[in-house]
Amino acid sequence: MSTGPAERPRRLRTTPAMRDLLAEHRTHPRDLVLPMFVKERASEPVSLPSMPGVVQHTLDSLRRAATEAAEAGVGGLMLFGVPEVRDAVGSCATDPEGILNAGLRALVEEVGDDLVVMSDLCLDEFTDHGHCGVLDGAGRVDNDATLERYQDMALAQAETGAHMLGLSGMMDGQTLAVRQALDNAGHTDTSILAYSAKYASAFYGPFRDAVESQLQGDRRTYQMDPANRREGLREATLDLVEGADVVMVKPAMSYLDVLSDVAEASPVPVAAYQVSGEYAMIEAAAAQGWIERRRAIEESVLSIRRAGADVVLTYWATELAGWLR
Ligand code: PBG
C-alpha cells in the first residue's frame, strides 16, 4: 500500500476561485498613491525618457491626470514641483505662488474631496545645489537651519489645503519640528507622512531627471546606508516618538526586510515607495519583451503589500487601479 504525503498544500491551488478566496494579501486601488510632477510655466506636458509613461505636468494636465486617478479609484496623490528658478535656500518652496504650492491648490480643488492630497516636503527640487537642505559655510548640509526652512515650507503647504505632508529630507528632528510648527499655527489636522527609512539609493536616478536635479555628489550624510537594517527601525521609532502619522520605507523592492521590520513594530500605518528606478527597470525589461509587463507590475506591488505596507506609492497607481477594479 502506497502512502502519499500527509500534507497536500496543492489542494488549495486547484482552481482560480480557490486561489482567490484564500489569497493572504491583495492590492486594492485605495491602497495606492500616485506620485506626480508639476513643472512651472510648462505649456505642454513633458515626457521623461527614463520614466516612459510619466510626465512633468502643466497645471492643466495635472488636474486632468488627478481626475483620471480619482476615477480609477486611487487613494491618494503625492506632488513634486519642478521650479523654473532655484537658489541656495530653495525660496520657491515657501512662496505661496511657487509651483508646488500652486499645484497643491489645484489638486485640492480638483479632487481634494475624493482622495488624499500629499505634498513632498523637501528642498532638493528648489535648491541650486540640489541638496535636501541649506548649506553651512563649509558646504555641509546644516541640519538645524534646514529644520527652520521645513517649518516654513510646512506652513505654506498646509495653507494650500494639502492633507498630508511627506517629509522626505532625512534631517534629524524634522518630524517634531514640522509638527510643532503646524500645531502652533492651528493646523492640527494636517497629517505627517514621515519618510522614516529612506536610503541613499541608486534607484532614484530617473526621479532626479524628472525634477531636473542640480545635485553634484551624493546624499550619504543624511540618507541611510543601504547596508543598514537595524537602523531602519531606529529611524521609524524616532519619527513615531516625534509624532509621525504614517511612516514610510523607501525604496521598496530592495528594502522589503526593512519594511517588514517597520510594519511589525509600527502602531501607525506604514507606507512604502516603489521609486523611479524600480519603475524604470520593469518598464525597460518589459519593453524588451523580457518580462510580462502587467504580471511583473502586479507582482511587484503585491510583494510590497505582503512585506507589510498598508499604502504603496507607485507610478503605476492609475493603471494598476484600473486593472484591479
Ligand atoms: C527627495 C525625494 C527623492 C525621491 C522622492 N523624494 C529623491 C532623492 O532623495 O534624491 C525619489 C523618488 C523616486 O525615485 O521615485 N525630495
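In this predicted model, Ala 252 is in contact with Leu 259, Ala 272, Tyr 273, Gln 274, Glu 278 and Ile 304, once its neighbours within four places in sequence are left aside. Ala 252 lies in the loop between β8 and α8. With 26 other C-beta atoms within 10 Å, Ala 252 is buried, because 20 or more such atoms are enough for that label. Another residue to look at here is Phe 203: it stands 49 residues away along the chain, and the C-alpha atoms of Phe 203 and Ala 252 are separated by 10.0 Å.

The same stretch of backbone holds a cis peptide bond, which joins Lys 250 and Pro 251 with an omega of about -10 degrees. Pro 251, like Ala 252, sits in the loop between β8 and α8; β8 covers residues 246-250 and α8 covers residues 256-265. As a reminder for anyone inspecting the backbone, most peptide bonds are trans, and most residues other than glycine have a negative phi.

Two loop residues have a phi of the other sign. Arg 41, which is not a glycine, has a positive phi of about 55 degrees, and Arg 41 is placed in the loop between β1 (32-39) and β2 (46-47). Met 170 also has a positive phi, near 60 degrees, and is likewise a residue other than glycine. The loop that holds Met 170 runs between β6 (164-167) and α5 (174-184). Are these residues buried or exposed? Arg 41 is exposed, since 10 other C-beta atoms lie within 10 Å and the limit for that label is 12 or fewer. Met 170 counts as buried, because 24 C-beta neighbours fall inside 10 Å, where 20 or more are required.

Following the chain from Met 170 leads to α5. The buried residues of this helix are Gln 174, Thr 175, Ala 177, Val 178, Arg 179 and Leu 182. Their cover includes α4, β6, β7 (191-198) and α7 (230-242). An α-helix has 3.6 residues a turn, so residues three or four places apart point the same way. After α5 comes Gly 186, with a positive phi near 85 degrees.

The packing of α5 with α4 can be described in more detail. Helix α4 spans residues 143-159, and its axis lies 9 Å from that of α5, at an angle of about 45 degrees. That angle makes α4 oblique to α5, because it belongs to neither the roughly parallel range, under 35 degrees, nor the roughly perpendicular range of 65 to 115. The crossing of α4 past α5 is right-handed. On the α4 side, the contact involves Leu 147, Tyr 150, Gln 151, Ala 154, Leu 155 and Ala 158; these meet Gln 174, Ala 177, Val 178, Ala 181 and Leu 182 of α5. The residues of this contact comprise 9 nonpolar, 2 polar and no charged.

A second helix pair is formed by α2 (residues 59-72) and α3 (residues 99-111), whose axes come within 9 Å and cross at roughly 40 degrees. The two helices are therefore oblique to each other, and α2 passes α3 in a right-handed crossing. From α2, the contact draws on Leu 59, Leu 62, Arg 63, Ala 66, Thr 67 and Ala 70, and from α3 on Ala 102, Gly 103, Ala 106, Leu 107, Glu 110 and Val 111. This contact divides into 8 nonpolar, 2 polar and 2 charged residues.

A third pair brings the account back to α8. Helices α7 and α8 pack with their axes 9 Å apart, at an angle of about 40 degrees, and are therefore oblique to each other. Their crossing is right-handed. Gly 232, Leu 233 and Ala 236 of α7 meet Val 258, Asp 261, Val 262 and Ala 265 of α8. Of the residues in this contact, 5 are nonpolar, 1 is polar and 1 is charged.

Finally, the chain as a whole has 11 helices and 10 strands. Its radius of gyration is 20 Å, which agrees with the value near 20 Å for a compact globule of 325 residues. Along the principal axes, the C-alpha atoms fill a box of roughly 85 × 40 × 40 Å. Of the 325 residues, 49% count as buried. Among contacts between residues at least 6 apart in sequence, 75% join residues at least 24 apart.

Conventions: Residues are numbered from 1 along each chain as its sequence is written. This is a predicted model: local features need pLDDT of at least 70, side-chain atom pairs count only at pLDDT 80 or more; totals for chains, interfaces and linings use all residues. Helices (H or I, at least four residues) and strands (E, at least two) are DSSP runs, numbered from the N terminus. Axes are lines fitted to C-alpha atoms, for helices over the stretch in contact, and angles run from 0 to 180 degrees between N-to-C directions. Angles under 35 degrees count as roughly parallel, over 145 as roughly antiparallel, 65 to 115 as roughly perpendicular and the rest as oblique. A crossing is left-handed if the near helix is turned anticlockwise from the far one by less than a right angle, and right-handed if clockwise. Two residues are in contact if their C-beta atoms, placed from the backbone, lie within 7 Å. Ala, Val, Leu, Ile, Met, Phe, Trp, Tyr, Cys and Pro count as nonpolar, Asp, Glu, Lys and Arg as charged, and the others, Gly among them, as polar. The radius of gyration is taken over C-alpha atoms; the globule rule is 2.2 Å times the number of residues to the power 0.38.
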